[in-house]
Amino acid sequence: MIEVMPYQLFLAYMLSSIGGNFLEIPLGIDISVHLRHAVGELPQALRTMSLFASVLADILPVETLVWKLKMLESASSYANSRLHAVRSQTLILSSGKDQLLPSQDEAERLCLHLSNCDSRKFNDRGHFLFLESDFELLSVIKGTSLYRCGRLRNFVSDYIPPTPSEFQSIYASYRWLENFTSPVMLSTLDDGKITRGLAGLPSLGPVLYVGYHMLLGLELVPLVSRILIERNIHVRGVAHPLMFDRKKDGFLPELSTYDSFRLMGAVPVSAKNFYRLFSSNSHVLLYPGGMREALHRKGEEYKLFWPNQSEFVRMAARFGATIVPFGTVGEDDLGEVFFDYDDIVKIPYLKAQMEQLTSEAVKLRTDAGGEVSNQEVHLPGIRPKIPGRFYYLFGKPIETKGMVNLKDREKSQELYLHVKSEVEFCLSYLKEKREMDPYRNILPRLVYQSTQGFTSEIPTFDIE
């Protein structure tokens, strides 16, 4: 371009590429008005660019620029020939609106050559990524789980909780779900009385929250955020390993999809991580039904798919953790499964796709029997409904300190079944009580908020 264009014109073009497109039209703005404004501003913008280009041409003569470009060409050839030898862990950040350099193409190329590489794409960012006011590099590093104190990653000791601004940023991106579902939070006090709010949750850890996993895990964000906002308790979820690692690349969502979950403290499920969390007196969230519950079939709403063995009781009792059973209902008021696993396996192409997705993820409970071992990765077809409401009930806390003999499997199994029955009670209670809620549907809630204010708390059924 330097050879075919006048030098000052070339510099003006480069400056305009860095600064952005003057005729870019934002969504929601009257096009004719915006065009008139842009055309009116264009002469001044061109004069400014011309002045900058003239000054830059004196500072950076064409001969100097050509010499620098040749140095870069030689250096890039040297670096590219040695990329295969780099073994260090690498994180590459690229911008989607970089008008100066093909950042995302370069990021993809580098990831193919670097053996231990991870990348993050920022589709709405420009060339000067680090200079943008709302970009936080530390949040990116925390979200990718790359920060660690030692050679090996420890999801407990290496974890840095989100700052208030980080939490607000994550919470804002999922706030629409709360606006649609207006969650009702209920908890049980030590005397067995059910009360609105989260006063019944224990403050001191270790605490293990055990409950029902809604379709696609829709209950997660309101649950974790409300506990943090109302009780200042940071709950750390035990999650499927596919949020942290892949057996191979393929069709599963990019790991960056789950950065916000890792930033909020999610850890891959394993006995070692359970031990570490309980040792640090953490509040831990566990779904024994796992993916089988979250990707359930038609007509399986609020059905528990728990293993036959008491997986978590013995570990909780070892540390004297308090177990809080809970239930959540409302998914059937938000959507309905009309195409499920049983339909997918009947179609060869979709079945092959599901098997491909499953092969990319680390498989859990390979030695378990029954339905809980069916952890096939797929996406059911969901028919949306006029939004209803989410309801949460946290049961009476169960103290395990001194309650269970760790070597007595029979007593451990007895406590396990008791916790399961408490979760089933919570589900039954909520399904029955929500029928009495005059604000179960979104339309009455909108009418109420339009008169009482959109930040007002919406009433629900009578708890007594």
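**Salt bridges and a surface patch**

Let me begin with one pair of residues: R440 forms a salt bridge with E435, and the closest N and O atoms of the two are 3.2 Å apart. Please keep in mind throughout that what we are looking at is a predicted model. The two partners differ in how much of them is accessible, since R440, at 19% relative accessibility, counts as buried, whereas E435, at 55%, counts as exposed. The cut-offs behind those words are under 20% for buried and over 50% for exposed, with partly exposed in between, and I will use them again for the other residues.

This pair also belongs to a wider arrangement, because a salt bridge here is a Lys or Arg side-chain nitrogen within 4 Å of an Asp or Glu carboxyl oxygen, and by such contacts D332, D333, R434, E435 and R440 are linked in a network. As background, side chains of opposite charge can pair when their charged atoms come close. By the rule used here, the count comes to 19 salt bridges, and I would like to take you through two more of them.

The next one joins K298 and D343, whose closest N and O atoms are 3.1 Å apart. K298 sits in the loop between α11 (290–294) and α12 (313–318), while D343 is in helix α13, residues 341–344, so the pair ties together parts that are 45 residues apart in sequence. As for accessibility, K298 is partly exposed, with a relative accessible area of 39%, and D343, at 16%, is buried.

The other pair is E336 with R383, which form a salt bridge with their closest N and O atoms 3.5 Å apart. Here distant parts of the chain are linked, with E336 in strand β10 (residues 335–339) and R383 in strand β11 (residues 381–384), 47 residues apart. Both partners are partly exposed, E336 having a relative accessible area of 35% and R383 one of 41%.

Let me turn, finally, from charged side chains to nonpolar ones. Which residues form a nonpolar patch on the surface? They are I386, L443, L446 and F454, and together they have about 430 Å² of accessible area. If you want to find F454 in the structure above, look in the segment after α16, the helix that covers 442–452. Is F454 buried or exposed? With a relative accessibility of 57%, F454 counts as exposed, because exposed means over 50% relative accessible area.

Methods. Residues numbered from 1 in each chain as written. Predicted model: local features only at pLDDT ≥ 70, side-chain atom pairs only at ≥ 80, totals over all residues. Heavy atoms only, no water. Patch = residues over 30% accessible without salt bridge, like charges linked within 9 Å, V, L, I, M, F, W, Y side chains within 5 Å. Areas by Shrake-Rupley, 256 points an atom, 1.4 Å probe, with all protein chains shown as cover. Helix = DSSP H or I, 4+ residues; strand = E, 2+ residues; numbered from the N terminus. Buried < 20%, exposed > 50% of the residue type's maximum accessible area, 1.4 Å probe, protein only.
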